[in-house]
Amino acid sequence: MCLGLPMTIVETDGITSLCEYGDEQRRVSVMLLSDASVGAKVLVHIDTAVRLLEEDEARRISEALDGLDAGLNGEDCDRFFADLIGHEPQLPDHLR
């Protein structure tokens, strides 16, 4: 399984950007983005920024990744998925 990381652009030359996520920094391509400015949140997949993220979406992705990490380490992960606890999945209208 491949995952995208929500990273923050630290510096950029318009073609590549130094991005960070937690303690990790890496240089990624930003050639798919029209506005890759310093401070922007981007979704990075295989060292390529594939799209810009809103702050809230970046936070939710980070929390989900933290929850996966907790679950893989045998820790309680319910707090990371509080919005899903107690809710039954619903089919989209076009599948009903």
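Aspartate 56 and arginine 59 both sit in helix H1, which spans residues 55-72. Three residues separate them, about one turn of the helix. In this predicted model, their side chains meet in a salt bridge, with an N to O distance of 2.3 Å. Both partners are partly exposed. Aspartate 56 has a relative accessibility of 40%, and arginine 59 one of 39%. The contact does not stand alone: salt bridges with shared partners join Asp56, Arg59, Arg60 and Glu63 into one network.

Two members of this network recur in the lining of the largest pocket, which includes Arg60 and Glu63. The lining also contains Ala64, Arg79, Phe80, Phe81, Asp83 and Leu84. Its residues divide into four nonpolar and four charged, with no polar ones. The volume of the largest pocket is about 150 Å³.

The structure holds nine salt bridges. Among them is the pair formed by arginine 27 and glutamate 11, whose closest N and O atoms lie 2.9 Å apart. This pair links distant parts of the chain. Arginine 27 belongs to strand S3 (residues 24-29), whereas glutamate 11 belongs to strand S1 (residues 5-12). The two residues are 16 residues apart. Arginine 27 is partly exposed, at a relative accessible area of 40%. Glutamate 11 is likewise partly exposed, with a value of 40%. Buried would require under 20% and exposed over 50%, so a residue at 40% falls in between.

Strand S3 contributes to another salt bridge through arginine 26. Its partner is aspartate 47, and the closest N and O atoms are 3.2 Å apart. Aspartate 47 lies in the loop between strand S4 (41-45) and strand S5 (48-53), so the pair ties together parts that are 21 residues apart in sequence. Arginine 26 has a relative accessible area of 24%, which makes it partly exposed. Aspartate 47, at 39% relative accessibility, also counts as partly exposed.

The salt bridges described here thus fall into two settings. The contact between aspartate 56 and arginine 59 is made inside helix H1. The pair of arginine 27 and glutamate 11 connects strands S3 and S1, and that of arginine 26 and aspartate 47 connects strand S3 with the loop between strands S4 and S5.

Technical notes:
Residues numbered from 1 in each chain as written. Predicted model: local features only at pLDDT ≥ 70, side-chain atom pairs only at ≥ 80, totals over all residues. Heavy atoms only, no water. 1 Å grid on protein atoms, 1.4 Å probe; cavity = no way out; pocket = protein on both sides within 12 Å on 5 of 7 lines; lining within 4 Å. Points joined across faces, edges and corners; volume = space filled by probe spheres on them. Nonpolar A, V, L, I, M, F, W, Y, C, P; charged D, E, K, R; others polar. Salt bridge = Lys/Arg side-chain N within 4 Å of Asp/Glu carboxyl O. Helix = DSSP H or I, 4+ residues; strand = E, 2+ residues; numbered from the N terminus. Buried < 20%, exposed > 50% of the residue type's maximum accessible area, 1.4 Å probe, protein only.
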